[in-house]
Amino acid sequence: MFKLDGKIALVTGASQGIGHAIALRLAAQGARVVLAARGTEKLESLAEEIRAAGGDALPFSLDISRAEDVGSRLQQLPADYADIDILVNNAGITRDSLMARMHLEQWKEVLDTNLTGSYAVTREFVRGMMRKRWGRIVFVSSVVGLMGNVGQANYAASKAGMIGLSKSLARELGSRGITSNVVAPGFIETAMTEAMDQRSRKEMSETIVMRRFGAVDEVASTVLFLASQEAGYITGEVINVSGGMYM
Ligand SMILES: NC(=O)c1ccc[n+]([C@@H]2O[C@H](COP(=O)([O-])OP(=O)(O)OC[C@H]3O[C@@H](n4cnc5c(N)ncnc54)[C@H](OP(=O)(O)O)[C@@H]3O)[C@@H](O)[C@H]2O)c1
């Protein structure tokens, strides 16, 4: 089940956290994976880990926040990795601040990376997927995009925007055999949530039905499902992986 042999995937933000887990999962199922992020050091070691396990991966430096350069950079992918079947728009950042103090720069940085970056990467691969009449696009959004959060107006807006983007793509591309879906994680154990102090972590855990933060692999397995042949009749959906924090 969920075999991805012969498929080429590209995962943004693959160097750590959720993206790292997604790349490992897709590779373990047989996909050849382009590992994208700005820094290449961690991508190199992930590629080695994937190759050591018998898989195939290509580290690829990409800054998705520079939308005007994304297309020309992606055109530099080697031919044997360029025809992407599965795209996972996972890279994301936060620049938290209460609205009254939020500078335009904080707003723009988050929107440019999380939303415009996802647009720029996706746009590059849509034509190829249409030609093949097969494609899987998965956006890693957040439950914050559905429920809002204090101090995260920029982040919530970007993550809600990804949902509108995905649903529109689902409608545009469904007749060509391409699905577009969103995975919306709640609190997941990563560098992003490690920065929280113990008290906030405890308070947050109490708002989660499962009474714990999620693991990166719990998000990755949902992405794998949506990327698979088996999920071919699911499109325009948002799947929350939040331990019941939001339902
Ligand atoms: N952790 C959570 O609890 C949680 C909850 C809900 C949603 N999410 C979402 O899940 C996704 C992954 O989260 P995470 O916690 O795994 O994040 P993370 O540990 O902070 O990793 C972010 C990844 O994105 C890459 N990245 C950042 N800016 C980039 C850019 N401009 N261009 C290309 N790559 C860029 C980073 O690599 P470089 O810095 O090298 O570029 C890194 O690989 C994000 O979209 C986040 O919003 C996370």
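This tour goes from the ligand and its surroundings to a set of salt bridges, naming at each stop what to select.

Before starting, note that this is a predicted model, in which local features need pLDDT of at least 70 and side-chain atom pairs count only at pLDDT 80 or more, while totals for chains, interfaces and linings use all residues. Residues are numbered from 1 along each chain as its sequence is written, and side-chain values use heavy atoms, with hydrogens and water left out.

**The ligand**

Select the ligand and the residues near it (those with a heavy atom within 4 Å); 30 residues surround the ligand, and the closest are Ser15, Arg38, Asn90, Tyr155 and Thr190. By class, this shell holds 13 nonpolar, 14 polar and three charged residues, where Ala, Val, Leu, Ile, Met, Phe, Trp, Tyr, Cys and Pro count as nonpolar, Asp, Glu, Lys and Arg as charged, and the others, Gly among them, as polar.

Next, select Ser15, where a polar side-chain atom lies 2.6 Å from an oxygen atom of the ligand. Move on to Arg38, whose side chain has an N or O atom 2.8 Å from an oxygen atom of the ligand, and then to Gly186, where a polar backbone atom is 3.5 Å from a ligand oxygen atom. Of the 890 Å² of accessible area that the ligand has on its own, the protein covers 91% (areas come from the Shrake-Rupley method with a 1.4 Å probe).

To see which elements give two or more residues to the shell, colour α1 (17-28), α7 (153-173) and α8 (191-194); helices (H or I, at least four residues) and strands (E, at least two) are DSSP runs, numbered from the N terminus.

**The salt bridges**

The structure holds eleven salt bridges, each a side-chain nitrogen of Lys or Arg within 4 Å of a carboxyl oxygen of Asp or Glu. Select Arg32 and Asp56, whose closest N and O atoms are 3.0 Å apart in one of these bridges. Arg32 lies in strand β2 (residues 32-37) and Asp56 in strand β3 (residues 56-61), so the pair ties together parts that are 24 residues apart in sequence.

Keep Arg32 selected and add Asp80, which forms a salt bridge with Arg32 at 3.7 Å between the closest N and O atoms. Because Asp80 lies in helix α4 (residues 79-82) and Arg32 in strand β2, this pair ties together parts that are 48 residues apart in sequence.

Finally, select Asp69 and Arg66, whose side chains meet in a salt bridge (3.1 Å, N to O). Returning to the earlier residues, salt bridges that share partners join Arg32, Asp56 and Asp80 into one network.

Definitions and conventions
A polar contact is a pair of N or O atoms within 3.5 Å; within protein, one must be able to donate a hydrogen and the other to accept it, and residues adjacent in sequence count only if both atoms are side-chain atoms.
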